[in-house]
Amino acid sequence: MLSEAPVRHPRTPASTTPAAVKNHPKALQFPIFIPLFVADFRKGGALRKRGAEIIPIEPDTGHAVGGIFLSMLLASAARGAHHAQFPFCHPITRRQTTERSDMFQVQFITHYTETISYPQSARIALEGGCRWIQLRMKDATDEEVEPVAREVQALCRDFNAYFVLDDRVELAKRLHTDGVHLGRLDMPVDEARTYLGPEFIIGGTANTFEDILRLHRAGADYIGCGPFRYTTTKKNLAPILGLEGYTRMLAQMDEAEINLPVVGIGGIGADDIPALRATGLNGIALSGSILRAEDPVREMERIIRLTQQ
C-alpha cells in the first residue's frame with residue numbers, strides 16, 4: 001500500500017514574464033486542458049507579476065482571463081519570443097493562480113494493442129479531453145514513424161492539442177511539431193536546442209536528481225521523471241521511484257533552486273493521482289492504464305476530472 005506523502009505545492013519558475021498570448025484559436029476554443037501552465041488573455045493586455053498572481057494590465061475591452069503562464073515558458077523565456085506565442089492555455093481565474101496544487105496536467109503517450117493503433121490511441125486520449133500528446137514509437141524507423149506522426153499531428157490540430165515527438169529530433173523539425181521529448185540515451189538536450197532553436201519545447205527524462213541537474217543545465221523546458229512503478233509500456237526500466245522518490249527529488253530541486261516543471265511517469269493510474277499531486281509534481285504522463293480500461297475514452301475523461309478537482 002502506498003504511503004501518503006506530505007502536501008507540496010508545484011514549483012513555478014521565477015523568470016521575467018513574456019508578453020501575453022493574444023487571440024490564439026487554441027486558447028479560445030479549448031479551456032479544459034493544456035500541458036503545464038499559461039495565462040489566457042482573450043482580449044490581450046500585458047502582464048505583470050505580483051506575488052503568486054499574474055495580473056493583466058491595460059487590457060483591451062472585454063474579458064481578460066488571468067492565469068499562470070506555462071511554467072516551461074517562464075523558465076525558457078530568455079531563449080526567444082516564440083515560446084511566448086505557444087497557446088498552452090488553461091483559462092483559470094486570478095484567484096486560482098495562488099492555488100498551485102490545483103494546476104495538475106496530463107500528457108498521453110501513444111501506445112498500441114492488438115486492436116488499437118498509435119493514431120487510434122491518440123484519438124482516444126483527445127476525445128477524452130487530453131490536450132498534450134506524445135508520439136512514442138521507439139522500435140520503429142523514421143520512415144515508419146513519419147506517416148504515423150503526420151496522422152497524429154493532424155488529429156492534434158483538429159482537437160487544438162499539443163503534439164510532441166519522442167526522440168526523432170530531425171523529424172520533429174521537418175514536421176514542425178510543438179516539441180520533442182528526449183530520453184536519457186537520445187540526443188542531448190543542449191544539442192537538440194542548438195538544432196531546433198528556441199521555438200521548440202524540449203522535455204527530458206530523469207530518474208535521479210543528477211539527471212534533473214544535467215537537464216536543467218542543458219536547458220530542458222520540463223522533466224518527465226520516473227518510473228513511478230513497474231510498467232510494461234517501456235523496456236529497460238530504470239529503478240522505481242515511488243512517492244518517496246518523487247518527494248526526495250523535489251526537495252532536492254527546491255534546495256538547488258531548480259524550478260523546472262516535473263511530470264511523473266510510469267505505471268500511473270487514476271487512483272494514484274491524489275498522492276502524486278501531494279508530492280508537488282506538476283502533472284503526470286500515462287498510457288497503458290487508459291488503453292487497458294473497459295472504456296478508454298471515459299477513463300481519460302475520469303483522469304482529467306480527477307486532475308482538476
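These legends go with a set of close-up views of a predicted model. In this predicted model, local features need pLDDT of at least 70 and side-chain atom pairs count only at pLDDT 80 or more, while totals for chains, interfaces and linings use all residues. Residues are numbered from 1 along each chain as its sequence is written, and side-chain values use heavy atoms, with hydrogens and water left out.

**View 1. Helix α3 (residues 118-127) is mostly covered**. Seven of the ten residues in α3 are buried, where buried means under 20% relative accessible area, exposed over 50% and partly exposed in between (1.4 Å probe, protein chains only). The buried ones are Y118, P119, S121, A122, I124, A125 and L126. They pack against β3 (105-109), β4 (132-135), α4, α10 (288-291) and α11 (296-308); contact here means heavy atoms within 4.5 Å. Helices (H or I, at least four residues) and strands (E, at least two) are DSSP runs, numbered from the N terminus. Just past the helix, look for G129, whose phi is positive, near 110 degrees.

**View 2. Helix α3 packs against helix α4 (residues 142-158)**. The two axes sit 9 Å apart, at an angle of about 15 degrees. That makes α3 roughly parallel to α4: angles under 35 degrees count as roughly parallel, over 145 as roughly antiparallel, 65 to 115 as roughly perpendicular and the rest as oblique. Axes are lines fitted to C-alpha atoms, for helices over the stretch in contact, and angles run from 0 to 180 degrees between N-to-C directions. The crossing is right-handed, meaning that the near helix is turned clockwise from the far one by less than a right angle (anticlockwise would be left-handed). On the α3 side you'll find Y118, P119, A122, R123 and L126, meeting V148, E151, V152, L155 and C156 of α4.

**View 3. Helix α3 also crosses α11**. Here the axes come within 7 Å and cross at roughly 45 degrees, so α3 and α11 are oblique to each other. This crossing is right-handed too. I124, A125 and E127 from α3 meet P296, V297, M300 and E301 from α11.

**View 4. Helix α6 (residues 189-196) has buried residues on one side**. V189, A192, R193 and L196 are the buried ones. They cover an arc of only 100 degrees around the axis, which puts them on the same side of α6; the arc is that of the directions from the helix axis to the C-beta atoms. Their cover includes α5 (169-175), β6 (179-182), β7 and α7 (209-218). G197 comes after α6 and has a positive phi, near 85 degrees.

**View 5. T205 in strand β7 (residues 201-206) touches H181**. T205 counts as buried, at 14% relative accessibility. The T205 side chain makes a polar contact of 2.8 Å with the side chain of H181. A polar contact is a pair of N or O atoms within 3.5 Å; within protein, one must be able to donate a hydrogen and the other to accept it, and residues adjacent in sequence count only if both atoms are side-chain atoms.

**View 6. Some loops hold backbone oddities.** Most residues other than glycine have a negative phi, and most peptide bonds are trans. H176, in the loop between α5 and β6, has a positive phi near 60 degrees and is exposed at 60%. E257 sits between α8 and β9 (262-265), with phi near 55 degrees. A cis peptide bond joins G226 and P227, with omega about 5 degrees.
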